[in-house]
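Work through the two exercises below with the sequence and the structure open beside you. Try each task yourself before you read its solution.

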Amino acid sequence: MVSPLITILIAGASRGLGHALAAEFVSRGWHVIGTVRDDRPTPLHDLAKASDGQVRIETLDINAPDQIAALRDRLAGEVLDMLFVNAGTTADDEHVHIGIVSTDEFVRVMVTNALGPMRVIEAMQDLVPADGLIGAMSSGQGSIANNERGLREVYRGSKAALNMFMRSFAAREADAPRAMLLLAPGWIRTDLGGPDAPFTMEETVPLLADLMIAKRSTPGLQYLDRFGETVPW
Ligand SMILES: NC(=O)c1ccc[n+]([C@@H]2O[C@H](COP(=O)([O-])OP(=O)(O)OC[C@H]3O[C@@H](n4cnc5c(N)ncnc54)[C@H](OP(=O)(O)O)[C@@H]3O)[C@@H](O)[C@H]2O)c1
């Protein structure tokens with residue numbers, strides 16, 4: 001039974017973890033609004049075809065403020081029980097050191113992983129009710145406290161920045177906070193995670209969905225791994 005009242009918007013749902021999350025929420029009876037960047041067919045389109053009206057596809061590049069504003073206009077009057085920004089990227093040379101990365105590459109990763117998600121959250125947050133959830137896909141690599149080994153410096157910095165911006169957003173809600181979540185999913189086999197990642201989407205994504213649903217009853221911002229353990233900032 002599909003309730004039109006239970007809706008999740010997943011920004012960046014074309015493939016990988018975003019698409020797998022969309023499929024997981026569909027399987028649990030949710031209505032999913034999933035975004036893709038362009039007209040190319042994606043796994044999300046296949047899911048939409050197979051899911052009998054439970055998936056609506058919207059176009060959004062999170063780095064394009066005009067597209068964010070246009071999507072917000074299209075969503076006017078709707079309720080988002082969850083707003084989750086999954087979209088993210090990494091540096092083309094993921095181990096490039098911070099001192100030698102090109103400015104263009106640094107800006108691309110930082111804007112995609114930190115500024116873009118916050119722009120989406122700021123623009124859409126008023127569609128999320130008091131008992132809703134606002135979240136973004138962070139990473140364990142965004143933890144400053146846990147960074148003992150370096151590596152993936154640009155990516156780490158971008159996810160740490162995302163975490164900091166979410167904390168600032170949450171601080172503005174301190175008097176009556178909604179549930180807010182920064183997720184550290186673990187190292188997962190996707191295009192971004194690569195073939196050496198130890199965990200599959202199949203074993204991870206149900207845990208992420210469980211966590212997101214459970215988190216709705218806990219107001220305030222948390223930075224959690226897929227088992228619900230707090231990640232040190
Ligand atoms: N895999 C891991 O091990 C791992 C670990 C920790 C955190 N994460 C995070 O999990 C999230 C998903 O990663 P993934 O592993 O599933 O990666 P992925 O397979 O490379 O998928 C990335 C997704 O982000 C979308 N995206 C990228 N830039 C975008 C933009 N400017 N606007 C809108 N959408 C954009 C992509 O859309 P297109 O199809 O249009 O490119 C795609 O849907 C990311 O935030 C990533 O940092 C992943």
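Contact means that heavy atoms lie within 4.5 Å of each other. The model is predicted, so to speak of a local feature needs a pLDDT of at least 70, side-chain atom pairs count only at pLDDT 80 or more, and totals for chains, interfaces and linings use all residues. Residues are numbered from 1 along each chain as its sequence is written, and side-chain values use heavy atoms, with hydrogens and water left out.

**Exercise 1.** Describe the surroundings of Thr35.

Solution. Begin with its place in the fold: Thr35 belongs to strand β2 (residues 31-36), where strands are DSSP runs of E with at least two residues, helices are runs of H or I with at least four, and both are numbered from the N terminus. Next, list its partners: apart from neighbours within four places in sequence, Thr35 is in contact with ten residues' worth of surroundings, among them Leu9, Gly12, Leu44 and Leu71. Then look at one polar contact (a pair of N or O atoms within 3.5 Å; within protein, one must be able to donate a hydrogen and the other to accept it, and residues adjacent in sequence count only if both atoms are side-chain atoms): a polar side-chain atom of Thr35 lies 2.8 Å from the backbone nitrogen of Gly12.

**Exercise 2.** Find which polar atoms of Arg37, Asp61 and Ile62 face the ligand.

Solution. Start with Arg37, where a side-chain N or O atom is 2.7 Å from an oxygen atom of the ligand. Continue with Asp61, which has a side-chain N or O atom 2.9 Å from a nitrogen atom of the ligand, whereas Ile62 places a backbone N or O atom 2.9 Å from a ligand nitrogen.
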